[in-house]
Structure formats: structure tokens, C-alpha cells
Amino acid sequence: MKKFLATLLAAAMVFSLAACGGKSEGGSGGESSGAESGESQGGESESTEPSGGDGGDSSEMVSDLPALSESELANATLKKQVVIGLNKDLVTLDPYASNNVEVSLLLRMTHSHLVKQDPRTYELQPDLATDWEVTDEYIDFTIRDDAKFHNGDPVTIEDIIYSFDVMKENSYTSSKVSFIDHIEKIDDTHIRMHLAKNNQDALRILAYFNVCIVSEKESKADEANGRGIGSGPYKVAEWELGSHTLLERFDDYFGEKPLTESFLMKTQPEDSARVISIENGETDICIAPPAQEVEHIASSDKSMVMAVTANKLVYIAINQNGNHKALADKKVRQAIAHAINRENIIIAAKDGKAKLANTVISPKTAYYNPDQEAMEYDPELAKQLLSETDFADGFEMTISFIDGTTYKTIAQLFQADLAAIGITVKVDPKDNSSMKTLMAEEKHEAIIYNWGPTPGEGPDITFRSLFMGGSGSNRQILNDEWVNETIEAAAVETDEAKRQDLYYQLQEWMIDNAGFLPMYYEILYMGVNKNLHNFNIEPSEQHTFTYCYVTE
Amino acid sequence: MWRFILKRLIMLIPVLFGVALIVYFIMDLTPGDPAVIIAGEDATPEQREAIREELGLNDPFIVRYGRYMFNLFRGDMGRSMLSKVDVFPTYFQKLPASLALAFGSIIVALLLSIPLGVLSATHQNTWVDTLCTIIGMLGMSMPNFWLGMMLIIAFSNKLGWFPSGGFDGLKSLILPSITEGVFLLALIMRNTRSSMLDVIRQDYIVTAKAKGVNRRGIIWHHAFRNALIPIITVAGMNFAYVLCGPVLTETVFSWPGVGRLVYDGITKTDTQLVTGCLILSCMFVSVINLVVDIIYAFVDPRIKAQYSK
């Protein structure tokens, strides 16, 4: 009996160990590590655990897979369907009802814009507009006459005007198109976009993923599904909430025809299951693999890892216009900034695999100042600064964040660092919905959050969103006259040097104001089929899959 | 019998009322403003207010509940606040996957648990009984998300026999059914064992033995049939549980079932979606309970006689 039980237990252990063993023996190629799953948006991410970093080693990793040469392509057999494993569900087909990364992946394939950006160089390219002329007061566009929606209807000037009218009303797009006053139809192929205010980033904003054109007829008939009908190279053939989205090649697309016949976007919220799928070859692309799984992907004979320094900046924002008197004091905020040991945070929260942030914007944002220095860790100076305020005896404050391992670790270290200078911090993990409500009602004291702009979109969206008085993403509830005026001035400044100076001044001001404390920049990972071609990983997570293909 | 069924169906109406009230009330208490989720983070206070007005979120609770119930009686379960999809078809889009998982897991559980439970009871206090008890303990105590991952690693990643997730044919059903079925297996096996032990100690079993009925006849014809009622109860209850959505198993296997739909709705404070789905789930649970009651009648003539009164 005892022998039998011992054998049984041994068998159970062997099964468990074999199952846990994974494929770690294969190594990772040395470079891969730390990415954690996250729910990301274009702009802000509500992630509980954003994508991880590798401490700057990403340059050694693959971020761009070139296309095959014509002769190679002629001899290759392409997979008809490319399968993408998404970490989050595609919750809507309506371009104007979400800023989520998942929606951006869809819209980049299904919808057309007036202009688009090259996914590698970010150069502006014609899309629905074949030509344009920019003045300080308006932009004239020539619109192509051969574009068709997926339902077969032609894309008309009326559809374009209607789309922008809806965008101006909609909360997800209104701030982006606020520079537009109205659009005037000149004739069937020409429009004049009258500007409410000049904006040097106007054309780049028009290439933003959800500043896209929908069919007026379909949109009015069915807001939920009708707006999913675009005029891009792929059409939505199937969409099941919480399950999958099937995209099929649209044969009447006006532009270059993609090689892959269809894309299947599968929702795979469980990290390990998503990773196993790419290792098994069940999927061809694995979005946001977690850090500890990257090695497994790299060691598989079917998959490989791509990585790039992400645009995502993780920061702590302090509400300086709330009810907390101490936090309204700039010296107190500066004391807090000097009290935080950010290097420790990177070691503990990211296993040392992230890049210390030196300023309040991402390195991939235009006019990023590489010479800007964030406030350095100096607890003695922090104590001294605090002693010069009315709060020398310390005070209590709360830091809120969306519950998850990484942010919880940051919050706990923040709590410990501030305790050392006499500030008592209450750690307040929240669910996604409660956190958003707290921030929207501006009732927070300090929060941990992140920002990830689209490269090439220009600095205006970032500065306007994060620092402009009244902006929904202005988490420090800043409303400073000089800041507001400088953001406006920078947006319309045509002299490059002057514009750079304005943005540099803004960065310096933000660091000194210490309401927005930059922590670190993330590294973004992706697991892909080894036979994937013509694809580059996009630092903002808004990848363009349209022209990628997998060879058999 | 028909009167009994009709009575039970009529009783379903106040039950659904109650469920709608409770769910709506709980969702109302949930922290988080749906308008913030719908409008997005860049929305101005005016835009959020406009959404609140549009959806009637500023109205008192009783007005909102009354409006919801009024629409419900007209056959309109509303739309998801976030995805803008109709709740009713969305639920039924998910139902086949949930039904498949429920049937799959209950089949796995019944096929193994009944023989093991009977074996355990008929070999009480032997090594067979101990082994079955260990299996039962393992099944009950193993977290199903862990078991699911282990099965994926072993049978999908290592052996490549089954897909790691998704609902795509019979092959994809095997691993999630085993994952969910193992817990049910343990539960039903323990119930079968205790139920069988109760029955085989009764006098009529001794009488049957004294009359020379063979062992197999005693166990399966005389004892097992009378031990079935508690087994059917447990199996029915758990079938309903799996149908309503085992969120962890559905998440591990990327299973597009009802559970994850409701879970996502809760995390996004999508009251319309959650309330609608839970009302429909409640309806199915009530129907399953009714079916279980009807099965009782076929198993036990005494119960059938009671229904006929």
C-alpha cells in the first residue's frame, strides 16, 4: 500500500515538474527579457502591468523584418491566413469609441485616412487625399475618386465631411481635431479644411489611427457595426466580442494590394496560453508576451522575439490643485521628487530592465530633450526642502494606481522612500473602472500611470494632453497660464529652432514644477513566427500588419 | 406532471424579477462611473455629462430599474454600453461555447466519477477506497487555472495533441472539459460514494443478498438506482454552474463563453450587459433545475407520484 502511494505521488510530481519545465534550456539569444502584459491605448495606457524593458539591450534585438526580394517571393508559398494573438479583446468596431491599441491594430487595416504615415519612416503619404496644400488658415486636399467602402459604395466628399463632424462631437476624437473649424466642399474631388487655429502637427494628427473616414450611410444605419465599414485594404468579415475578429482582403482597395488573404485576431487574455500558441505555431504573432515567457518564445523553433524601446513613459502625477494643501506646495513636490529612488524602482519593479526617464516625454516624441535631467535621488535635499515648508513635520497622502504587480511595487517603494523624509503614504490599488472615475473626478492625490504617444504624431498631442489646463489626460490637474500659452505658441511656431526652444522650456518647467515625475521608459516585446516578413514593431504598440506575410 | 412543469415555469417570473433587481442594485453600488468608461479619459466633463444624460444615468435608481424592466417586457434587453452590441444576440453568440463546455465537462465527470464512486463505496476502507479518496482530494483541491495550464503545457505545447485554446471543434473541447470536469468528477464521486454507502447499508439490500441476487445486480440495480437522486442533484447544479461561466477556465483556454462576457462587463461597469446576461443565465439555471426535477421523477416513482398529485 505504502509503495503504491509513494509511486503515485512520484508520478504526480514528475508530471508537474515536466509540465513546469517549459523550454528554458534553449536560451533566449541573450537579449530578450521583461515584457509584461498590459492594456494599452494610443496615448495613455490603463495597463496594470505595462510591457517590460530590457535595460537598453533592445538595440541588439530584431525590430524590423524586411520584405522578401521579388525572386524569393516568387518561389515562396505564403500562408493564406495570419493569426494574431491579442492580449485584450477588441471591444468595438467604432473608430470613434475607443483609443485602445487593439482598435488601432484593426483600424490601420480596415480604414483609410486623408493622409497616412509610413510605418517605418513616419513620412506622410497620400491615402484618400492624393495631394494637399497647407496654409496658415486652411488646408486644401485633392481627394481620390476611385476609393470604395467595403460595402461597394464610393467614398465621397460628403462621407469625409460627415466623418469629421462626428469626430468633433466625439470624446475620443474631439481634442485631436479641435484645430479644424469646418470642412468646405469645393467640388467632387476637392475639399478645403478651414483651421480654427494653426497647428504644425495638423497633417500628422490626420494620420492618427482613429481620425479615419467612415461611411455616412452605414454609420447612420448602425452606429455599432456600420462604422466598422471602412475603405482600407481589409474588411471585417466576422467580429465576435470576447472571441475573435476575422479580416479579409478587400479586393476593391484603391492602394497597393496586400499579399496575405486574411488576418484572424484571436483574443487570448491569458499570457501563458498566448505564448504557448505562438510557440506551437497556432498563432503567428503574439502581442505583449510577459517578461518571463520571452525566453521560451525565442527558444522555440517556430517563433522569435522582436523588441523595441517603447514610447511608453511610466510616471507619477501629483494633483497640485486638489484639496491636499501640502501637495499644492511646489517645494513639497520637489522634496517628493528628490526622495524617490527611481533606480531602485526599476530594479524592483522591472527587474532592472527599463530605461531611467530623464524628462517628461518619450524619447521618440519630437523635441525630446536628451540633455534634460530629472530630479536626482537625494533624500537629504528632500528633507531640507520639506523643512523649509509649512509641512516640515510631515503629512499623509494617498497614491492610487490600477492594481497589478508592477505598479504595486512602485507604490510600495514610493511609500518607503517618502516615509524616510516623514511623509506617510497610503497605497490605494484600484480596479480599472474605479481608477478612471477617480481621475476623471480629479479626486486623486497622486497616481501611477503611463503615456505612450504615436511616433511621428508630433509633440502637440503629448504636451496638450498631459499639460494643458482642462485636458482629460492632465493628471496633475495643472492649469498654468504660461504653460498653456507656451503649448499654444509651440503648436503654431514655424521656426524649428524657436519651436524646439519652447518645448525644451516646457520640459524644464515640468521637471522643476515636480507635479509630473517621470519614472522610466518601457521596452516593448512581441513574439512572431520565424517566417514572418515585411513587418516592423511599432514603439507605440499601434502596429501596422497590412503588408506583412508568413511563408510556409 | 404537466401542471408541475407549468407551475415551475410561472414561478420563474418573480425569480427573474428578483434577479434583475439584485443585479441592477449591485451594479449600481459598484464603484466606477460608466460615463467615464464610455467617454474615455480625454473626455471633457461636459461630454461625460452628455453621456450620462443620454443613457439616463442621472435618473434615480428606481427610475432606471423601472425603465429597464419596462424595456425587458417589450423584449428589449438593451445594448452593451461600451461595445454597443445588443445584449440578447451577444449572449446567444456565446451560449454554444458555454453549452459545449458544460456538456463536455459533465460527460468527463460522470464517466469517471460514477464508476469510481461506486467502486470506492463497495470497497470501503480498502486501498481502492483510499486511492479514490486521493483522486477526489486532488480534484477538489487543484486550482483549475493551474490544472488548465499544466494540461496546455503537457498536451498542447509538449505533445501537440490538442490546441492550446479557442473554441474550434471537438479537439479544442477536450482540455477545457477535463479541466472543468476534474473538479466536478471529485465532487460527484464523493457524493456517489456517500450516497451508495447510505443505500447499501439498508435492509432491502441485505434482503436482496439473502435472496441470492448476484453482487453486480445488487450494486447496479438495487443500490445505485436508489443512490442516484443526490448524484443527479449535484450533477445538475454543477452543469448549471459551468453553463453560467467558469471564468478562470474560459480565460486560460481563451474560451469564448458567457463567463468572460459577464466578467468583462463587470470590470467595465457595463450594467446593461451584466444584468441582461445574468437574467438569461438565471433563466437557464431555472430550466436546468426543472429538468433535474423531471429526471427525479423518472428515477424515483415516489417523486413522480408526488408531482402527479
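Two strands count as paired if DSSP finds at least two bridges between them. With that in mind, and remembering that this is a predicted model, begin by selecting residues 138-143 and 190-195 of chain A, which are strands E7 and E9; they run antiparallel and are joined by five bridges. Within this pair, pick A:Phe141, whose bridge partner in E9(A) is A:Ile191.

Next, widen the selection to the open sheet of four strands in chain A, which has the order E6-E7-E9-E8 with antiparallel pairing. Strand E6 (129-134) and strand E8 (180-187) of chain A stand at the edges, and because each has a single partner strand, one side of each is left without a neighbour in the sheet. Ignoring direction, neighbouring strands of this sheet are turned by 20° against each other on average. Now add residues 157-169 of chain A, helix H4, which lies across E7, E8 and E9 of chain A and runs at about 175° to E8(A).

From here, turn to the interface, where 55 residues of chain A are in contact with 47 residues of chain B. The two chains bury about 4200 Å² between them, 54% of it on carbon and sulfur atoms. On the side of chain A, select A:Ser171, A:Leu241 and A:Ile276, which lose the most area to chain B and together make up 13% of what that side buries.

Finally, look at the three salt bridges counted between chain A and chain B. One to display is that of B:Arg79 with A:Asp222, in which the closest N and O atoms are 3.6 Å apart. Across the same interface of chain A and chain B, 17 residue pairs are in polar contact.

How values were computed
Residues are numbered from 1 along each chain as its sequence is written. Chains are lettered from A and ligands numbered from 1 in the order in which they are written. This is a predicted model: local features need pLDDT of at least 70, side-chain atom pairs count only at pLDDT 80 or more; totals for chains, interfaces and linings use all residues. Side-chain values use heavy atoms; hydrogens and water are left out. Contact means heavy atoms within 4.5 Å. Buried area is the accessible area (1.4 Å probe) that two parts lose on being put together, summed over both. A salt bridge is a side-chain nitrogen of Lys or Arg within 4 Å of a carboxyl oxygen of Asp or Glu. A polar contact is a pair of N or O atoms within 3.5 Å; within protein, one must be able to donate a hydrogen and the other to accept it, and residues adjacent in sequence count only if both atoms are side-chain atoms. Helices (H or I, at least four residues) and strands (E, at least two) are DSSP runs, numbered from the N terminus. Axes are lines fitted to C-alpha atoms, for helices over the stretch in contact, and angles run from 0 to 180 degrees between N-to-C directions.
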